[in-house]
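Colleague: I have a model open and would like to learn how to read it. Could we go through it feature by feature?

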Amino acid sequence: MLHFTHGEYHERLRRTKEKMMDEGIEVLIVTDPANMNYLSGYNGWSFYVHQALVVIIDEPQPLWIGREMDANAAKVTSWLFHEHIIPYPDYYVNSPAKHPYDFIGNILKEIGQSKRVIGLEMDNYYFSAKCFERLVKILPKAVFKDSTNLVNWVRIIKSDTEIEYMKRAGQIAVRAMEVGIEALDVGVRECDVAAKIFEAQIKGTPEFGGDYPAIVPLMPAGERTSTPHITWTDETYKPNTTVLIELAGCYQRYHAPLARTVTIGEPEEKVKDLAAVVIEGMEAALQAVKPGTTCEEVELAWKKSIQKRGYKKESRIGYSVGLNYPPDWGEHTASLRPGDKTILQPNMTFHMILGIWLDDYGVELSESFRVTNTGYELLASAPRKLFVKDAGKKLWPGGMGA
């Protein structure tokens with residue numbers, strides 16, 4: 001079930017160990033499921049319980065340590081030898097007396113790793129204060145270092161296969177957006193549109209199916225377009241309503257997000273004006289993308305564009321994106337914002353999301369792209385415009401009507 005060659009996994013591990021050496025880390029405990037997948041291929045909906053991939057600087061293979069019932073998933077989805085897959089008994093799960101990190105700490109003791117410098121992903125969703133407390137208690141002679149995002153930075157430049165997977169995700173995103181916009185209409189429930197989007201995301205294309213995205217469709221409508229991170233309700237759409245749709249296609253856990261703004265009926269002038277500002281800003285920011293440019297220089301191109309029209313946006317306008325699991329598709333590394341001096345390199349991939357949210361309305365537009373040798377390439381190519389749902393009006397190339 002491997003989706004990459006053994007050679008690619010070995011190269012990922014080699015680059016991870018280089019970073020470990022640079023930071024003086026001898027043992028790396030990886031708990032972010034995206035990083036576990038990246039280094040081993042492990043893929044399962046098991047991240048709601050504690051699990052870890054242990055990378056030892058002088059060992060050729062990592063150890064997978066997780067719940068006993070998930071061990072077979074490690075055997076069928078990862079490249080690891082079976083003896084490197086170590087399950088813990090189920091009585092460690094949600095137990096007030098025992099903790100999975102008691103088990104993990106004791107394993108490290110048994111294999112002679114209890115006095116080494118151990119890196120921990122201290123600031124991610126899957127490693128808790130209790131995990132750290134248990135490790136410190138069981139391994140008092142170890143030295144612990146924060147290695148948050150060490151593997152994430154290894155992931156930031158994609159292989160050709162990863163890029164291909166993201167392009168497939170982009171095709172799924174475009175199809176899901178088309179389906180969502182087509183479903184929007186007066187009297188239609190928001191939840192019914194969300195259901196159609198979900199179906200399109202999982203169904204994918206005739207050539208390849210989709211995976212579950214790390215974030216559900218975000219679909220604020222009306223006054224709720226003043227804020228981006230709202231899902232859907234069971235209310236029906238009203239005439240002359242603005243709707244924001246942000247979603248992603250996902251293929252083999254690789255994401256290509258996409259956002260567009262739609263009005264049901266003729267948009268208010270203020271919405272049309274704001275959409276024009278955002279579209280113009282997107283084109284200016286994308287034109288700034290090329291190898292050697294810094295993330296903050298891309299953001300500056302956007303800032304200059306919207307300032308000419310009297311607008312400003314304080315939050316970042318994008319971030320590195322790719323392989324991930326809930327609750328986020330971002331990689332938590334480079335951001336398109338002031339102060340981020342990360343230099344763009346070919347095959348870095350970003351989600352540039354340009355939203356301006358005011359007191360009672362907003363407009364949102366996003367593009368996923370990879371950095372090429374000379375500029376950028378879109379991963380999900382959809383019409384870049386304010387969509388207006390009017391009877392008989394074609395909204396999509398090929399003839400999709402309202």
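Colleague: How many residues lie between β12 and β13 in their hairpin?

Modeller: Four residues separate β12 from β13 there. Keep in mind that this is a predicted model. The two strands pair antiparallel, over three bridges. One pair to find is Val371, whose bridge partner in β13 is Tyr376.

Colleague: What joins β11 to β12?

Modeller: Another hairpin, with four residues in the link. Strand β11 covers residues 349–357, and nine bridges hold it to β12 in antiparallel fashion. Look for Leu354, which stands opposite Leu365 in β12.

Colleague: Is strand β12 largely enclosed or open?

Modeller: Count buried residues, meaning those under 20% relative accessible area. In β12, residues 362–371, the count is 10 of 10, so the strand is largely enclosed by the rest of the structure. Then check the two faces. Gly362, Glu364, Ser366, Ser368 and Arg370 point one way. Val363, Leu365, Glu367, Phe369 and Val371 point the other way. Both sets are buried.

Colleague: Now a single residue. Is Val278 buried or exposed?

Modeller: Val278 has 1% relative accessibility, so it counts as buried. It is placed in helix α9. Leaving out residues up to four places away in sequence, Val278 touches Trp302, Leu354, Ile356, Val363 and Leu365. Two of these names you have just met: Leu354 and Leu365 stand opposite each other across β11 and β12. For a distance check, take Leu244, 34 residues from Val278 along the chain. Their C-alpha atoms are 13 Å apart.

Colleague: How do I read a helix pair, and at what angle do α9 and α10 cross?

Modeller: Take the axes, then the handedness, then the residues in contact. Helix α9 spans residues 269–287 and helix α10 residues 295–307. Their axes come within 8 Å and cross at roughly 145°. The crossing is right-handed. From α9, the contact uses Val277, Val278, Glu280, Gly281, Met282, Ala284 and Ala285. From α10 come Val298, Ala301, Trp302, Ser305 and Ile306. By class, that contact has nine nonpolar, two polar and one charged residues.

Colleague: Which residues make the contact between α4 and α5?

Modeller: Start with the geometry again. The axes of α4 and α5 come within 9 Å and cross at roughly 35°. This crossing is right-handed too. Helix α4 supplies Tyr101, Asp102, Gly105, Asn106 and Lys109, while α5 supplies Cys131, Arg134, Leu135 and Ile138. Here the classes are four nonpolar, two polar and three charged.

Colleague: On to sheets. What is the strand order in the open sheet of six strands?

Modeller: Read across the sheet, not along the chain. The order is β4-β3-β2-β1-β5-β6, and the pairing is mixed. The edges are β4 (85–88) and β6 (143–146), each paired on one side only. From one strand to the next, the twist averages 25°.

Colleague: How do β1 and β2 run relative to each other?

Modeller: Antiparallel, with four bridges between β1 (residues 27–30) and β2 (residues 52–56). Leu28 stands opposite Val55 in β2.

Colleague: And which strands does helix α4 lie across?

Modeller: Helix α4, residues 100–110, lies across β1, β2, β3, β4 and β5. It runs at about 140° to β4. Helix α5, residues 129–138, also packs on the sheet, touching β1, β5 and β6. The direction of α5 makes about 155° with that of β6.

Key:
Residues are numbered from 1 along each chain as its sequence is written. This is a predicted model: local features need pLDDT of at least 70, side-chain atom pairs count only at pLDDT 80 or more; totals for chains, interfaces and linings use all residues. Side-chain values use heavy atoms; hydrogens and water are left out. Axes are lines fitted to C-alpha atoms, for helices over the stretch in contact, and angles run from 0 to 180 degrees between N-to-C directions. A crossing is left-handed if the near helix is turned anticlockwise from the far one by less than a right angle, and right-handed if clockwise. Contact means heavy atoms within 4.5 Å. Ala, Val, Leu, Ile, Met, Phe, Trp, Tyr, Cys and Pro count as nonpolar, Asp, Glu, Lys and Arg as charged, and the others, Gly among them, as polar. Two strands pair if DSSP finds at least two bridges between them. Buried means under 20% relative accessible area, exposed over 50%, partly exposed in between (1.4 Å probe, protein chains only).
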